[in-house]
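Trainee: Got a minute to go through this model with me? I'd like to start with the charged side chains and then move on to the strands.

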Amino acid sequence: QVQLVESGGGLVQAGDSLRLSCVASGRTFSNYAMGWFRQAPGKEREFVARISRGYGATYYADSVKGRFTISRDNVKSTVYLQMNSLKPEDTAVYYCAASEGSWSGPYDYWGQGTQVTVSS
């Protein structure tokens, strides 16, 4: 069992930056592929970014490519999402998730989410 706790969300203006953090506990963090997802009001949850176990390959949704960066610190059992040049359409609840298997999913454990609101 892995517990995930996100933090770092907030209210910002378009063009600003935020860094989300997700701290994992309960199992060996480096054994898990990690992902960030988001869900906007009235919309389905969507993939944002993922990072592999091991050497940390990354992959992004087209909508955030070039603006967001996912990274991980296996010593701190933490995955980050650096979000730059934020847009109003980035407004959503952001969730981190951990996968015991493939980095493309399915994801086995989820955090409770952190709200990101971007005003225009």
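Mentor: Sure. Let's fix one rule before we count: a salt bridge is a side-chain nitrogen of Lys or Arg within 4 Å of a carboxyl oxygen of Asp or Glu. Keep in mind that this is a predicted model.

Trainee: How many salt bridges does that rule give?

Mentor: The idea behind the count is that side chains of opposite charge can pair when their charged atoms come close. With the 4 Å cut-off, the count comes to five.

Trainee: Which residue meets Arg38 in a salt bridge?

Mentor: Arg38 belongs to strand β4, residues 33-39, and its partner sits in the loop between β8 and β9, 52 residues apart from it. Both ends of the pair are buried. The N to O distance is 2.9 Å, and the partner is Asp90.

Trainee: What is the distance between the closest N and O atoms of Arg67 and Asp90?

Mentor: Arg67 is in the loop between β6 (58-60) and β7, while Asp90 is in the loop between β8 and β9, so the salt bridge links parts of the chain 23 residues apart. Both residues are buried. Their closest N and O atoms are separated by 2.7 Å.

Trainee: Which residues end up in one network of salt bridges?

Mentor: Asp90 has a salt bridge to Arg38 and another to Arg67. Salt bridges with shared partners give one network, and its members are Arg38, Glu46, Arg67 and Asp90.

Trainee: Is Asp62, in its salt bridge with Lys65, buried or exposed?

Mentor: Lys65 and Asp62 meet at 3.1 Å, N to O. Lys65 is partly exposed, at 49% relative accessible area. Exposed takes over 50%, and Asp62 has 66%, so Asp62 counts as exposed.

Trainee: What is the nearest side chain of opposite charge to Arg72?

Mentor: Arg72 is in strand β7, and it is buried yet has no salt bridge. A salt bridge needs the atoms within 4 Å. The nearest side chain of opposite charge is 8.4 Å away, and it belongs to Asp73.

Trainee: Which backbone oxygens does the side chain of Arg72 reach, then?

Mentor: Arg72 touches residues including Phe29, Tyr32, Ile51 and Ser52. Two polar contacts go to backbone oxygens: one at 2.8 Å and one at 3.0 Å. The 2.8 Å contact is with Tyr32, and the 3.0 Å contact is with Ser52.

Trainee: How far apart in space are Ser102 and Ser52, C-alpha to C-alpha?

Mentor: Ser102 is in the loop between β9 (92-99) and β10 (109-110). At 36% relative accessible area, Ser102 is partly exposed. Ser52 is 50 residues from Ser102 in sequence, and the C-alpha to C-alpha distance is 8.4 Å.

Trainee: On to the strands. Which strands stand at the edges of the four-stranded open sheet?

Mentor: The order is β1-β3-β8-β7, with antiparallel pairing. Each edge strand has a single partner, so one side of it is left without a neighbour in the sheet. The edge strands are β1 and β7.

Trainee: How many residues of β8 are buried?

Mentor: Strand β8 covers residues 78-83. Six antiparallel bridges join β3 to β8, and six antiparallel bridges join β7 to β8. Strand β8 is mostly covered, and the number of its six residues that are buried is five.

Trainee: What are the bridge partners in β8 of Val23 and Arg72?

Mentor: Val23 pairs across from β3, residues 18-25, and Arg72 from β7. For Val23 the partner is Thr78, and for Arg72 the partner is Val79.

Trainee: Which residue takes a positive phi in the hairpin of β7 and β8?

Mentor: Four residues lie between the two strands of that hairpin. The phi in question is near 55°, and the residue is Ser77.

Trainee: Last one: which backbone nitrogen lies 3.2 Å from a polar atom of the Thr114 side chain?

Mentor: Thr114 is in strand β11, residues 114-119, and counts as buried at 11% relative accessibility. Its contacts include Glu6, Ser7, Gly8, Leu20 and Tyr94. The backbone nitrogen at 3.2 Å belongs to Gly9.

Terms used:
Residues are numbered from 1 along each chain as its sequence is written. This is a predicted model: local features need pLDDT of at least 70, side-chain atom pairs count only at pLDDT 80 or more; totals for chains, interfaces and linings use all residues. Side-chain values use heavy atoms; hydrogens and water are left out. Buried means under 20% relative accessible area, exposed over 50%, partly exposed in between (1.4 Å probe, protein chains only). Two strands pair if DSSP finds at least two bridges between them. A polar contact is a pair of N or O atoms within 3.5 Å; within protein, one must be able to donate a hydrogen and the other to accept it, and residues adjacent in sequence count only if both atoms are side-chain atoms. Contact means heavy atoms within 4.5 Å. Lys and Arg count as positive and Asp and Glu as negative; His and the chain ends are not counted. Lists of a residue's contacts leave out its neighbours within four places in sequence.
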